[in-house]
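Hi everyone, thanks for making time for this. I'd like to walk you through one model today, stop by stop, so have the picture open as we go.

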Amino acid sequence: MRRLAWLSGLGALLLGHVAEARPVAPALFCDAYPDAPMCLASGEAPCATCHTEAPALDAFGQAIEAGLSAKVTPIDDAAFQAHLATVLAELEAQDADADGYSNADEIASGSYPGDATSLPVAPVCPDEPIGPYHVCEWDSRFTYLRVWQDFCGHRPAYEDVLAFEALTEDERRQAIHESLDACLQTEFWRGRDGAVWQLAHRKIRPVLAIKGILGADYDVDYAMFAWAHLDGHDVREVLTAKSYVVVSPAGTTPTVYAQQADVSGQPMQNTYRAGALTTSWVLLFNTMFTAMPRTAAAQAYRSYLNLDIAKLEGLDPNGTTPVDYDGSGVAAEGCATCHATLDPLTYPFTRYNGLQNPNFIYDPSRMSELAGELGKPLLAAVPETGKLLGQEVTGLVEWAEVAANSDDFYRAVVEDYWKLLVGAEPSVDQADIHADYDAVWQSLKADPGHSVFAMLHVLVDTEAYGAP
Ligand SMILES: [Ca+2]
Ligand SMILES: [Ca+2]
């Protein structure tokens with residue numbers, strides 16, 4: 001389970017090292033390449049980076065000397081200070097020692113760019129700590145700093161770091177989780193436009209110009225999303241809530257969320273509510289005037305299950321060509337397979353009014369009315385029962401139930417946090433990291449409360465998060 005994911009993260013934490021030693025070149029080199037393996041231990045490059053036997057220069061050192069002297073003479077400390085970074089950048093694409101690897105590749109992998117016998121090899125996890133960190137293993141100090149940065153938005157006070165370093169490993173782990181709990185209460189994490197709020201942007205797609213039209217204010221959508229993701233609430237409520245959440249006005253702190261049975265601008269009948277799928281904003285923005293709200297269905301599928309039909313994701317292998325109720329040529333279009341999934345996904349959305357009167361409510365006769373208005377009699381035959389993830393669903397409330405209890409939902413919830421916190425999509429190409437990701441979303445699924453906060457405590461204990 002050991003791995004090297006540290007080349008960028010560790011370098012960033014070690015930045016700020018300023019060597020007093022002379023000559024200045026080894027430290028300046030590491031200022032230019034703080035992430036280079038040869039710089040991690042001391043912040044100064046070893047002599048062999050540029051010298052055969054100091055002061056004799058190797059091929060890379062000679063290239064640097066030539067580059068510097070083309071800019072300034074004499075080559076003194078000031079010349080290094082002023083021009084070394086530029087010269088190094090200019091030389092990156094070259095292969096000074098002609099061993100087949102560019103200088104940049106060699107520096108990044110830890111081999112010497114001026115020594116033809118030194119070649120890049122796959123990095124190996126060291127047995128001993130590098131500087132203060134246990135590279136490739138979950139490291140308490142690294143995790144502590146990272147938790148503060150990610151969840152509080154800043155580093156801990158210097159005194160706190162010193163106090164942390166005086167703790168035993170068990171105490172450190174406890175301190176990390178206490179810090180996490182404290183940071184989860186900060187405005188940085190939970191406030192308007194905080195980290196959680198921002199996770200909802202892609203799902204809600206706010207458009208300020210039409211915010212609040214006909215009462216459809218997306219602040220409710222953000223507040224519902226945040227509520228489900230905060231304070232140990234059940235994250236499935238994003239899709240299943242029957243009540244709404246109001247958020248304290250912009251510009252006031254702390255941000256307060258309050259669940260309410262009804263709020264103005266949200267006329268949906270209680271029985272037919274399905275969390276974020278049936279808010280006035282969603283019906284305004286995604287359904288609008290559309291008889292067959294395929295956009296609403298596709299957006300819900302993409303936002304909450306991470307399945308993008310446009311990318312051929314989440315297609316039903318048993319799907320058959322659907323009836324062309326609205327005359328849109330579902331069989332003839334380029335993606336009949338897409339419609340075989342998308343149309344049954346859409347049927348449960350068809351009884352929810354967008355900009356048809358009365359706005360934003362469930363209307364069992366919606367399709368028969370539209371059939372008459374649009375002169376498309378087949379629309380009256382569109383079933384409300386559809387299909388999601390291979391399961392038949394009788395309407396949108398059941399659609400939301402099936403979605404919220406699916407593995408795809410838990411995976412999607414964790415993937416959002418994974419990208420935010422680990423910094424990349426969980427890729428199957430990186431088996432160790434993907435195993436951590438699987439363990440985290442499985443923990444969210446297995447947790448009876450389906451709490452994001454509990455899941456985040458699991459996440460920060462993974463090597464994917466806590467290994468430099
Ligand atoms: Ca080379
Ligand atoms: Ca080399």
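**A covered helix**

Okay, let's begin with helix 13, residues 219–229, which is mostly covered: 11 of its 11 residues are buried. Just so you know, what you're looking at is a predicted model. The buried residues in helix 13 include Tyr222, Phe225 and Trp227, and also Asp219, Asp221 and His229. To count as buried, a residue has to have under 20% relative accessible area. Keep that cut-off in mind, as we'll use it again.

Now step just past the end of helix 13. There you find aspartate 231, with a positive phi of about 55°. Why point that out? Because most residues other than glycine have a negative phi.

**Two more positive phi values**

Let's look at two other places with that feature. Methionine 288 has a phi near 50°, again positive and again not a glycine. You'll find methionine 288 in the loop between helix 15 (280–287) and helix 16 (294–305). Then there's histidine 450, where phi is near 45°. Histidine 450 is in a loop too, the one between helix 21 (431–446) and helix 22 (452–459).

So, buried or partly exposed: what about methionine 288? Methionine 288 is partly exposed, at a relative accessible area of 39%. Histidine 450, on the other hand, has 8% relative accessibility and counts as buried.

**The calcium site**

Next stop, the metal. Which residues hold the calcium ion that is ligand 1? Its protein donors are Asp95, Asp97 and Asp99 through OD, Tyr101 through O, and Glu106 through OE, and they lie 2.0 to 2.4 Å from the ion. If you read along the chain, those donors of ligand 1 follow the spacing D-x1-D-x1-D-x1-Y-x4-E.

Here's how that maps onto the fold. Aspartate 95 is in the loop between helix 5 (77–91) and helix 6 (103–109), while glutamate 106 is in helix 6, so the two of them tie together parts that are 11 residues apart in sequence. Aspartate 95 is partly exposed at 28% relative accessible area, whereas glutamate 106 is buried at 0%.

There's a second calcium ion as well, ligand 2, and it is 4.0 Å from ligand 1. Aspartate 97 coordinates both of those ions.

**Cis peptide bonds**

Moving on to the backbone. Most peptide bonds are trans, so a cis one deserves a look. Where can you find one? Try threonine 253 and proline 254: they are joined by a cis peptide bond, with omega at about -5°. Proline 254 is in the loop between strand 1 (244–247) and strand 2 (257–260).

Another cis bond runs from asparagine 357 to proline 358, with omega near -15°. Proline 358 is in the loop between helix 17 (336–346) and helix 18 (366–374).

**Last stop: aspartate 262**

Finally, find aspartate 262, in the loop between strand 2 and helix 15. With 48% relative accessibility, aspartate 262 counts as partly exposed. What does aspartate 262 touch, if we leave out residues up to four places away in sequence? Tyr244 and Arg273. With arginine 273 there's a side-chain to side-chain polar contact of 2.5 Å.

And to get a feel for distance, jump from aspartate 262 to alanine 78. Those two are 184 residues apart in sequence, and their C-alpha atoms are 69 Å apart in space.

That's my tour, happy to take questions.

Methods. Residues numbered from 1 in each chain as written. Chains lettered and ligands numbered in written order. Predicted model: local features only at pLDDT ≥ 70, side-chain atom pairs only at ≥ 80, totals over all residues. Heavy atoms only, no water. Donors = N, O, S within 2.8 Å, 3.2 Å for Na, K, Ca; no water. Helix = DSSP H or I, 4+ residues; strand = E, 2+ residues; numbered from the N terminus. Buried < 20%, exposed > 50% of the residue type's maximum accessible area, 1.4 Å probe, protein only. Contact = heavy atoms within 4.5 Å. Polar contact = N/O pair within 3.5 Å; in protein donor to acceptor, adjacent residues only side chain to side chain.
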